[in-house]
Structure formats: C-alpha cells, structure tokens
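I set out to go through one model and write down what I looked up. The entries are in the order in which I made them.

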Amino acid sequence: MKHVYGWLLLTPAAILLIAFTHYPAAATLFDSFFSTGTVVRPSRFVGLANYAALLDDPIFWQVLRNNLAFALGTIPTSIALALLMAIWVNDKLPARALVRMSYFTPTILPMVAVANLWLFFYTPQIGLLDKVGAMFGAPSHNWLGDPHTVMSCLAVMTVWKEAGFFMIFYLAALQSLPPEIEEAAKIEGASRWYFFRRVTFPLLMPTTLFVLVNATINSFKLVDHLFILTKGGPDNASSLLLYYIYQVAFSFFDTAYASTLTVVLLALLAGLAIVQFQQIEKRVHYR
Amino acid sequence: MRVLARRLPLLETGAAWLLALLWVSPLLYAFWAALHPAAMATHFDPFSMPTLDNFRKAWTYAPFPRHLLNTVILVTMVLAAQLVLCTLAGFAFARFQFAGHDIAFGLVLVQLMVMPEVLIVENYRTMAKLGLVDTILGIGLPYMASAFGIFLLRQTFKTIPRELEDAARVEGCSMLGVLWRVYVPLARPTYLAYALVSVSYHWNNFLWPLIITNSVNTRPLTVGLAIFGAPESGVDWAVISAGTLMAVSPLLVAFLLFQRQFMQSFMQAGIK
C-alpha cells in the first residue's frame with residue numbers, strides 16, 4: 001500500500017517535472033542531431049553536423065569566453081565582499097540593521113530594473129560615470145559601446161546585485177559558529193586577522209564552496225540585464241551563452257542549433273550539479 | 001548570544017558605513033531622478049523642488065496597472081500550486097519508502113540546476129502545443145512543481161517526530177488528515193520562508209515570461225519594464241526611473257516592512 005500512496009502523492013509534481021524538465025532536456029539532446037525544419041524542407045537527421053558547426057562558430061567560442069570572463073570577474077569579488085559584509089554585520093556595529101539592509105536590498109530587485117538604473121550611469125556624457133569623470137577632466141567614454149569596457153561594466157553591476165545575497169549565507173554560517181572558539185582565541189591573545197585566517201575562514205569553507213557553486217551556476221543563467229543594457233553587443237563582446245541561445249532560437253529561428261548550444265549549457269550545469277549534490281550530501285550527513 | 005561581542009574598531013565601522021552608502025546610492029539616485037524634471041537628473045541641485053510629474057507620466061506611458069495585476073495573478077497562482085504540489089511530494093519523500101524512491105528523488109533534484117528558463121526552446125514548443133502561449137498560466141506552469149520546494153519540505157517533514165503521527169493515527173486520522181493536521185501546521189516557518197523566496201523569484205523573473213508572452217494582457221511587470229525602458233521607446237530618463245521605482249516598489253515596501261523575516265527566510269532557504 002505504501003508504494004501506491006507514495007507514488008500517488010508524487011504524481012502531480014512528477015507530471016510537471018517530466019513535462020518541463022526531463023522531457024525537454026531529452027528532446028533538446030534529440031533535436032541537436034537534426035536540422036532545423038522549414039516549410040519546404042522538413043528537418044532530417046544530420047548526425048553530429050550541428051556540433052561540427054558549433055566547433056566552427058566563432059561566436060560560440062566568444063560567448064563561452066565571455067561567460068568565463070564574466071564568472072571570473074564577478075564570482076571572487078562578490079564572494080570576498082559578501083564575506084566582508086557578513087563579518088561586519090555579524091559584529092557589534094552602530095546602525096547594524098540599517099547597514100545589513102543596505103547590503104541586501106539590491107538582491108530583491110529584478111535584474112531588469114537594476115539594469116534600467118545602471119544604464120543611466122553608463123550613458124556617455126549625461127551618465128553619472130561621465131559626469132564624475134568630467135569633474136576630474138576625463139574625456140567622455142561610451143562605456144557600454146566599447147568592447148574593452150563593456151564586460152567590466154556588467155561585472156560591477158552584477159557584483160552590486162549579488163554580494164548581498166551571498167552575504168546572507170555567510171551570516172547564517174557565522175551565527176552557527178560556537179562562541180567558545182572566539183573566547184579561547186581571545187584568551188590566547190590571537191589578533192583579529194590571525195583568528196580570521198586560521199579559524200573563521202577554514203570553518204566557513206563549506207559555505208564558500210556552496211556559494212561558489214551557486215554563483216557559478218548563476219553566472220550561466222543570468223542574462224536579463226543584457227536585454228536592457230547591451231543586447232550582447234558591441235559585436236557580441238558582452239553576449240553570454242544563454243543569451244546567444246535565445247538569439248539563435250528566437251531571432252534567427254534556428255532551433256536545431258539552439259538545441260545544440262543548450263546541450264553544451266546542460267553539460268556545464270550537470271558538471272556543476274555533481275559538485276553541488278556532493279555538497280548537499282555532506283550537509284545532510286552533518287545534521 | 002555572543003559572550004564576547006565587541007565593537008568594531010572605528011576605522012572598520014567607517015568602512016562598513018561607507019560600503020552601505022555606496023550600496024544604496026544607485027537606489028537613492030533613482031529616487032532623486034524620479035522626483036525631479038529630466039534636466040535635474042543630470043544637474044544636481046539640492047534645492048530644486050521635487051515633483052511627482054514623472055510618476056504620472058510613467059503611469060500613462062505604460063499600462064503599469066495591468067502589468068502589476070498580471071504579476072500579482074502570476075505570483076499568487078504559482079505559489080498556491082507550488083504549496084500544494086510540493087507538500088504532497090515532500091510528504092511522499094519524507095514518510096514513504098516506496099519503490100523507486102531514491103531514483104525519483106534524484107530526478108526531482110535535477111530541476112535545481114536545470115530551471116525551465118534553460119530549456120526555453122523545447123518549453124516554448126510544449127506551450128505552443130498546449131495552446132498556452134501568451135497566457136499567464138503558460139508563464140507559471142513550468143515552475144509549479146518546484147524541486148526546491150519539495151526538497152525544503154521533505155527536510156522539514158523529516159524532522160517532525162513520528163510519535164505525533166502515530167498518536168494522530170490512533171485517534172483515527174487518515175493519512176491526508178495527518179498531513180493536514182500534523183505536518184502542515186508544524187512546518188509553518190518553512191512555508192513562510194519558501195513563500196517569500198518564491199514570490200520574490202517570480203516577481204523578478206524575466207526571460208521565460210518575455211518569451212512566452214506577447215501582449216499587454218499577459219505581460220508581467222518585468223517584461224513591461226524592459227519594453228518601457230528600451231532606448232528606442234523614446235521615454236526620458238526621469239520617467240524611466242519613476243517607472244522602475246513603481247515596478248519594484250511593492251516588493252521593496254514588503255521587504256522594508258518584513259526585512260528580518262525576509263533575510264531569515266533566505267538564510268533558511270540557502271541551507272539546503
């Protein structure tokens with residue numbers, strides 16, 4: 001009986017999960033071996049041709065490089081800032097609640113809204129960045145229109161948006177550390193920095209790994225700001241993998257190639273998922 | 001709580017405050033710009049008179065009331081479905097060792113990584129087949145069976161002592177009665193945490209709603225905002241700021257009122 005009950009309870013969720021996660025994932029893989037069908041030419045099996053095209057597609061490689069640069073540019077900075085923020089707001093700090101709220105607020109705003117606000121900072125001449133630059137005599141610069149600066153601009157905005165979110169995880173971890181360790185260190189006369197380096201930071205390692213994996217996954221899913229700020233430009237300099245998939249599928253209508261690109265994204269996420277699940281396992285065992 | 005809580009050195013306090021100021025300044029600046037004529041957004045004059053003109057203009061340029069209504073419908077619908085589906089599935093995983101339990105659970109967890117927005121091509125196709133393109137149900141349906149919700153509730157249900165269930169059983173409670181009278185009330189904090197995380201996620205979600213909607217009657221705030229704020233729409237920046245603030249204000253106000261619960265819910269949700 002319990003088998004039947006278990007499955008009955010699970011059925012409604014299982015149907016939706018299969019319909020919108022497992023089936024589309026399998027269908028994506030399947031589609032990547034076929035050509036895109038048109039009215040006059042139906043889709044046919046092409047084997048690995050889409051993958052061969054992918055290897056020869058300079059935009060794909062550029063987008064992948066961009067994604068890597070975006071991850072490397074945003075993740076370490078936002079994690080370091082998050083840790084610093086968490087340590088500050090975990091300590092006795094005047095107006096602590098206000099400071100904590102300030103750090104966290106960007107997290108709850110939609111990325112599209114955030115991009116709207118930041119668009120203005122980066123606008124040449126009338127934007128805040130150029131205004132401040134002009135005060136120091138710097139020439140006007142098209143921040144989002146220059147392939148050399150566009151990624152950094154997006155990275156700064158993303159760090160602003162995400163650091164407060166990661167702070168929350170560190171704050172939770174810090175609050176679960178037993179206070180006795182700190183007392184002992186104090187009695188031994190350990191300096192603040194020494195205590196952080198030798199005790200706090202190692203104890204926070206599981207949290208750091210957890211945040212790291214999540215941040216990496218996020219860096220592949222976060223594309224909302226591109227719709228407002230750059231549309232992937234100039235010359236694909238700021239495009240990311242998921243945005244490219246969107247373009248190929250919904251602007252160029254090449255669904256087979258979009259599926260092939262999606263398979264690459266799925267493979268990347270699967271790799272990260274394995275690390276993530278090992279993390280979860282550990283946490284469950286610790287309980 | 002903390003036995004040895006000490007105050008931060010003065011220099012660090014200053015740095016912490018400075019960073020906090022830096023962090024809210026984009027928002028404060030948006031408020032400033034939204035409350036002043038467009039020319040004032042670029043010429044900072046602390047003594048100029050604030051005006052609500054931009055809000056009025058933004059309200060008429062874009063159908064914000066309709067977008068807001070769509071978002072509220074979407075968020076409510078998704079949350080209601082998630083609560084029911086995740087409760088049932090979480091209960092199944094927490095209390096029934098049925099055949100295929102572990103495989104099924106593994107398959108649920110896959111969704112933690114592969115959210116519906118990654119599979120936009122196939123999911124759009126499915127929605128087209130179901131005739132759900134450009135409907136609010138179409139935006140919400142892929143998210144209703146939330147792996148995260150199932151996982152969170154399973155963890156919570158597992159911590160509830162079996163004795164409570166046995167006692168209820170002895171009293172003649174049915175299986176669903178046990179779920180409704182014992183498990184659900186005891187998991188209330190988890191439900192609250194999950195609700196806050198879910199609402200903020202779907203309030204802010206953009207890519208999938210953008211793809212699946214194409215008319216004013218279904219577009220949520222984020223998509224409306226993107227169209228409104230596009231440079232080619234020819235709206236001036238003060239009005240865009242006003243529109244942006246209007247779009248984020250319900251969630252922002254809710255956050256300011258319930259910030260403690262909000263942060264705690266994110267904390268709880270994070271410790272998976």
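The notes below start with chain A as a whole and then turn to single residues.

**Entry 1: overall**

I note at the start that this is a predicted model. I went through the secondary structure of chain A and found 13 helices and zero strands. Read from the N terminus, the order of elements is therefore α at every place, α-α-α-α-α-α-α-α-α-α-α-α-α. I took the extent of the C-alpha trace of chain A along its principal axes, and got about 80 × 75 × 30 Å.

I then looked at burial and surface. Chain A has 287 residues, and 54% of them are buried. The exposed area of chain A is about 13,000 Å², with 69% of that area supplied by carbon and sulfur atoms. Among contacts in chain A with a separation of 6 or more, 66% are between residues 24 or more positions apart.

For charge, I counted 18 positive and 15 negative side chains in chain A. The centres of these two sets are 6 Å apart.

**Entry 2: aromatic pairs**

How many aromatic pairs are there over all chains? I get 33. I picked two of them to look at in detail.

The pair of Trp118(A) and Phe121(A) has ring centres 5.4 Å apart and planes at 70°. Planes over 60 degrees apart count as edge-to-face, so this pair gets that label. Both Trp118(A) and Phe121(A) belong to helix H5 of chain A, residues 111-122, and sit three residues apart, about one turn of the helix. I checked their burial as well: Trp118(A) has a relative accessible area of 9% and is buried, and Phe121(A), at 7%, is buried too.

The pair of Trp193(A) and Phe196(A) has ring centres 5.8 Å apart and planes at 25°. The cut-off for stacked is under 30 degrees, so I entered this pair as stacked. Trp193(A) and Phe196(A) are three residues apart in helix H9 of chain A, residues 192-203, which is about one turn. Is Trp193(A) buried or exposed? At 56% relative accessible area, Trp193(A) is exposed. Phe196(A), at 18%, counts as buried because the limit is under 20%.

I followed the ring pairs outward from helix H5. Trp118(A), Phe120(A), Phe121(A), Tyr122(A), Trp160(A) and Tyr29(B) are linked into a cluster by ring pairs.

**Entry 3: nonpolar core**

The largest nonpolar core has 188 residues. Which members touch the most others? They are Tyr103(A), Phe104(A), Met167(A), Leu261(A), Phe64(B) and Phe157(B). Helix H7 of chain A, residues 150-176, gives the largest share of this core, with 17 residues.

I listed the contacts of Phe157(B), leaving aside neighbours within four places in sequence. Phe157(B) is in contact with Thr87(B), Gly90(B), Phe91(B), Ala94(B), Arg95(B), Leu179(B), Tyr183(B), Ala187(B) and Tyr191(B).

**Entry 4: two buried residues**

Leu229(A) is in helix H11 of chain A, residues 224-229, and is buried at 9% relative accessible area. Its C-alpha is 9.2 Å from that of Val112(A), with the two positions 117 residues apart in sequence. Beyond four places in sequence, Leu229(A) is in contact with Ala115(A), Trp118(A), Leu119(A), Leu144(A), Leu154(A) and Met157(A).

Thr21(A) is in helix H1 of chain A, residues 2-31. At 1% relative accessibility, Thr21(A) is buried. With neighbours within four places left out, the contacts of Thr21(A) are Leu16(A), Val110(B), Gln111(B), Val114(B) and Leu119(B).

**Entry 5: positive phi**

Most residues other than glycine have a negative phi. I therefore looked up two that do not.

Ala95(A) has a positive phi, near 60°. Where does Ala95(A) lie? I found Ala95(A) in the loop between helix H3 (58-90) and helix H4 (96-108) of chain A. Ala95(A) is partly exposed, at 43% relative accessibility.

Asp235(A), also not a glycine, has a positive phi of about 55°. Asp235(A) is in the loop between H11 and helix H12 (241-250) of chain A. At 68% relative accessibility, Asp235(A) is exposed, because the limit for that class is over 50%.

How values were computed
Residues are numbered from 1 along each chain as its sequence is written. Chains are lettered from A and ligands numbered from 1 in the order in which they are written. Side-chain values use heavy atoms; hydrogens and water are left out. Helices (H or I, at least four residues) and strands (E, at least two) are DSSP runs, numbered from the N terminus. Buried means under 20% relative accessible area, exposed over 50%, partly exposed in between (1.4 Å probe, protein chains only). Contact means heavy atoms within 4.5 Å. Accessible areas come from the Shrake-Rupley method with a 1.4 Å probe; for residues, only the protein chains shown count as cover. Lys and Arg count as positive and Asp and Glu as negative; His and the chain ends are not counted. The place of a charge is taken as NZ of Lys, CZ of Arg, CG of Asp or CD of Glu. Rings of Phe, Tyr and Trp (its six-membered ring) pair if their centres lie within 6.5 Å; planes under 30 degrees apart count as stacked, over 60 as edge-to-face and the rest as tilted. A nonpolar core is a set of buried Ala, Val, Leu, Ile, Met, Phe, Trp, Tyr and Cys residues joined through side-chain atoms within 4.5 Å.
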